[in-house]
Amino acid sequence: MNIQALSVHDYRNLAEAELSLGPGFTVLHGHNGAGKTNVLEALYLVSTLRSFRTSDLGVVVRSGTEASRVVVRGFDAGLGVSSTLEVRLERRGSTTRRVATADGKTVRSGAQFYGRVRAVLFTPEDLGVLRGGPTGRRQFMDRVLFGRERGHIADVQTYEKLLRSRNRILREEGLPAAERERLLGTYETGLAQTGARLWTRRLELLHELQARFSGAFASIHGEAGEQADRGGAGPVASLRYECKLGPVSAAEREPTLLQALLERRALDERRGGTSVGPHRDDLVVLLDDQPAGDFASQGQSRALVLAFKLAEVQTARERSADGTPPLLLLDDVSSELDPRRTALLFRTLGEHAGQCILTTTSPRYIDLPAQVETRRYRVDQGTITPDPAIA
Ligand SMILES: Nc1ncnc2c1ncn2[C@@H]1O[C@H](COP(=O)(O)OP(=O)(O)O)[C@@H](O)[C@H]1O
Ligand SMILES: [Mg+2]
């Protein structure tokens, strides 16, 4: 859906805010703490019914008030109709009620609401994913899949539950042998079934993103200085799914995983946990075939993460029935990039992104191509005003 207007009421420090969005770029600028990220968070809420900063939605309701409301109005090119979506958060004691409506009608299940506004988000926290442990990278892949595959959330939840159950039985003492055997058998069969689906979806995701990712990295990062002058090519970025069980054909994934779980029972019992399966896999980002987490510079890390997001935008556009790219939300995107990289980044965004909302502390970090329509807003202590003065 193409969003034309956003209105936010009592969301964090935004008491009342109205924004009209164009089809191209919308730049929000303002000091630290002004409320820029809060605007992106509100848009993300309408996309996913979640926050990217907290799992407790009560904390986003503006202090001193009891309810937040976020409303977007847009045009759904697939259906050929205008549509209004609203998410309301009502604080009641220690719980927060979430109410979603589409064109005035309450939407009861999240699954029916997801996908109406598709969004791809970049936040500076994503940069930690490359350097940190594998948990963050697995979540990174799964979050993309939540937006693409209806069954993925349920499969992840089922898998985690089965994992806890297997681990509990492995640790439990004094269980009769037959009962233990029966329970482990049931859990392992389930783990192999759901685990193989998670494994396959992640592999397919990386396979689909691969070429777009390498291309986007090359155009964002380019090659600086002398080497470029000599026509040298920059490093090549690629993605690899790392799994203990090695490359296994789609049909063999479930039996291979089941076999591995059986074989590792004694080992897992000693360790007190399940040592094989998609919960132990990793996404490895490579620069010239070397794991980038270990040696990428800050600028390269930023370019790698942004290239991943752009690959996501492009593949989502190709997958969508009406060719509409998802909304791209970029938080503090260009601080730390040198002027040349900033220009390259925005040129690439201009080519591949559709609607894009970005925040910055200073408009001088933003170097947008002249041919893309741009709207600018100033954010100051929770108040948003159009700012046409800065060109
Ligand atoms: N529930 C809330 N009620 C009122 N203000 C809040 C709430 N949650 C966060 N804030 C305020 O929002 C501001 C941070 O906004 P943010 O969008 O992160 O700033 P930035 O412009 O730097 O991205 C802080 O001043 C914080 O105190
Ligand atoms: Mg911010």
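Mentor: A polar contact is a pair of N or O atoms within 3.5 Å; within protein, one must be able to donate a hydrogen and the other to accept it, and residues adjacent in sequence count only if both atoms are side-chain atoms. This is a predicted model, in which local features need pLDDT of at least 70 and side-chain atom pairs count only at pLDDT 80 or more, while totals for chains, interfaces and linings use all residues. Residues are numbered from 1 along each chain as its sequence is written, chains are lettered from A and ligands numbered from 1 in the order in which they are written, and side-chain values use heavy atoms, with hydrogens and water left out.

Trainee: What makes the pair between Ser-63 and ligand 1 a polar contact?

Mentor: A backbone N or O atom of Ser-63 lies 2.9 Å from a nitrogen atom of ligand 1, and because the limit is 3.5 Å, the pair qualifies. An oxygen atom of ligand 1 lies 2.6 Å from a backbone N or O atom of Gly-33, and a polar side-chain atom of Arg-53 lies 3.1 Å from an oxygen atom of ligand 1. Taken alone, ligand 1 exposes 580 Å², of which the protein buries 69% (accessible area by the Shrake-Rupley method with a 1.4 Å probe).

Trainee: How many residues surround ligand 1, and which are the closest?

Mentor: There are 16 around ligand 1, the closest being Gly-33, Lys-36, Thr-37, Asn-38 and Val-59, where a residue is near if one of its heavy atoms lies within 4 Å.

Trainee: How do you know that strand β12 and strand β13 pair?

Mentor: Two strands pair if DSSP finds at least two bridges between them, and three bridges join β12 (residues 327-330) to β13 (residues 356-360), so these parallel strands meet the rule. In this pair, Leu-328 stands opposite Cys-356. Strands are DSSP runs (E, at least two residues), as are helices (H or I, at least four), numbered from the N terminus.

Trainee: Why is one side of β8 and of β15 left without a neighbour in the sheet?

Mentor: The open sheet of six strands has mixed pairing and the order β8-β12-β13-β3-β14-β15; β8 (119-122) and β15 (383-386) stand at its edges, each with a single partner strand, so one side of each has no neighbour there.

Trainee: What makes β9 and β10 a pair?

Mentor: Six bridges join β9 to β10 (residues 282-287), and since at least two are needed, these antiparallel strands pair. Within them, Leu-239 stands opposite Val-285.
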